[in-house]
Amino acid sequence: MPDNYEIDNVDIKILSLLQHNAKKPYTEVAKQAYVSSGTVHVRMNKLENMGVVKGASLDLNLTALGYSVGSFLGVFLSKSSLYEKVASELKKIPEITSIHYTTGNYSMFIRIYAKSTDHLKDILHDKIQKVDGIERTETFVILEETLSRSIAL
């Protein structure tokens, strides 16, 4: 793939179609994008190699799987320079679904899913607050998620 490859309207159309349904066969994407399925395959490989597409994933209903308590956690680090070390430790906790290095009041903002408030308390007390470098945390329980999406192309 050339280093100067630029994303064009065909790439955007392919990404847009797959963004709505990642399981859609390339033959169907090709029909809707007015290109061959081989073109879709080649373009998707290029976009993956460029890091534009990071793979495919399932959008799970975590509540249906028993994880009914979602929360955000503001994390205060004892030193900002500990971010990478702390993030590395937090990645080991399976209930954490995202970790962000932030500006403002918190050094980090993370998202957690738990099966109950007792489970959330155990995650906080037994796992997160034992990570060296975390000074303190502030928890925000999610009452309802109205929107979760990627940027529409």
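Student: Which residue in β3 is the bridge partner of I96?
Tutor: Keep in mind that we're looking at a predicted model. Strand β2 covers residues 96–101, and five bridges join β2 to β3. These two strands run antiparallel. In β3, I96 is paired with I112.

Student: And which residue in β3 is the bridge partner of V69?
Tutor: Here we switch to strand β1, residues 69–77, which is joined to β3 by seven bridges. Again the two strands run antiparallel. The β3 partner of V69 is A114.

Student: How many residues of β3 are buried?
Tutor: Strand β3 spans residues 108–114, so there are seven residues to check, and buried means under 20% relative accessible area. The strand turns out to be mostly covered. The number buried is six.

Student: Which residue in the hairpin of β2 and β3 takes a positive phi near 95°?
Tutor: Look at the stretch linking the two strands: the hairpin has six residues between them. The one with that positive phi is G104.

Student: Where does Y34 sit, and is Y34 buried or exposed?
Tutor: Find the loop between α2 and α3, and you'll find Y34 there. Y34 isn't a glycine, yet has a positive phi of about 60°. Its relative accessible area is 75%, and the cut-off for exposed is over 50%. So Y34 is exposed.

Student: Which backbone nitrogen does the side chain of S107 reach?
Tutor: S107 lies in the loop between β2 and β3. With 12% relative accessibility, S107 counts as buried. Leaving out residues up to four places away in sequence, S107 touches several others, including V75, F76, H100 and Y101. At 3.3 Å, its side chain reaches the backbone nitrogen of L77.

Student: K24 is buried, so what is the nearest side chain of opposite charge, and how far away is that side chain?
Tutor: K24 is in the loop between α1 and α2. K24 has no salt bridge, and a salt bridge would need a nitrogen and a carboxyl oxygen within 4 Å. The nearest opposite charge is on E28, at 6.2 Å.

Student: Which side chain makes a polar contact with K24?
Tutor: Setting aside neighbours within four places in sequence, K24 is in contact with L18, V29 and Q32. One of these contacts involves a polar pair of side chains, 2.7 Å apart. That partner is Q32.

Student: Which residue forms a salt bridge with E28?
Tutor: Stay in helix α2 and look three residues along, which is about one helical turn. E28 is partly exposed at 34% relative accessible area, and its partner is exposed at 58%. The closest N and O atoms are 3.6 Å apart, and the partner is K31.

Student: How many residues apart are D8 and R43, which meet in a salt bridge?
Tutor: Their side chains meet at 2.7 Å, N to O. D8 is in the segment before α1, while R43 is in helix α3, so this pair links distant parts of the chain. D8 counts as partly exposed at 30% relative accessibility, whereas R43 counts as buried at 17%. Along the sequence, they are 35 residues apart.

Student: Which residues are linked with D8 in a network of salt bridges?
Tutor: The count of salt bridges comes to six. We just met the pair of D8 and R43. The network links D8 with R43 and D11.

Student: Which residue meets K127 in a salt bridge?
Tutor: K127 sits in helix α5, and its partner is in the loop between α4 and β2, 32 residues apart. K127 is partly exposed at 33% relative accessible area, while the partner counts as buried at 11%. The side chains meet at 3.3 Å, N to O, and the partner is E95.

Student: What is the radius of gyration of the protein chain?
Tutor: Start with the parts: the chain has five helices and four strands. Its C-alpha atoms fill a box of roughly 55 × 35 × 25 Å along the principal axes. A compact globule of 153 residues would come out near 15 Å. This chain has 20 Å.

Conventions: Residues are numbered from 1 along each chain as its sequence is written. This is a predicted model: local features need pLDDT of at least 70, side-chain atom pairs count only at pLDDT 80 or more; totals for chains, interfaces and linings use all residues. Side-chain values use heavy atoms; hydrogens and water are left out. Buried means under 20% relative accessible area, exposed over 50%, partly exposed in between (1.4 Å probe, protein chains only). Two strands pair if DSSP finds at least two bridges between them. Lys and Arg count as positive and Asp and Glu as negative; His and the chain ends are not counted. A polar contact is a pair of N or O atoms within 3.5 Å; within protein, one must be able to donate a hydrogen and the other to accept it, and residues adjacent in sequence count only if both atoms are side-chain atoms. Contact means heavy atoms within 4.5 Å. The radius of gyration is taken over C-alpha atoms; the globule rule is 2.2 Å times the number of residues to the power 0.38.
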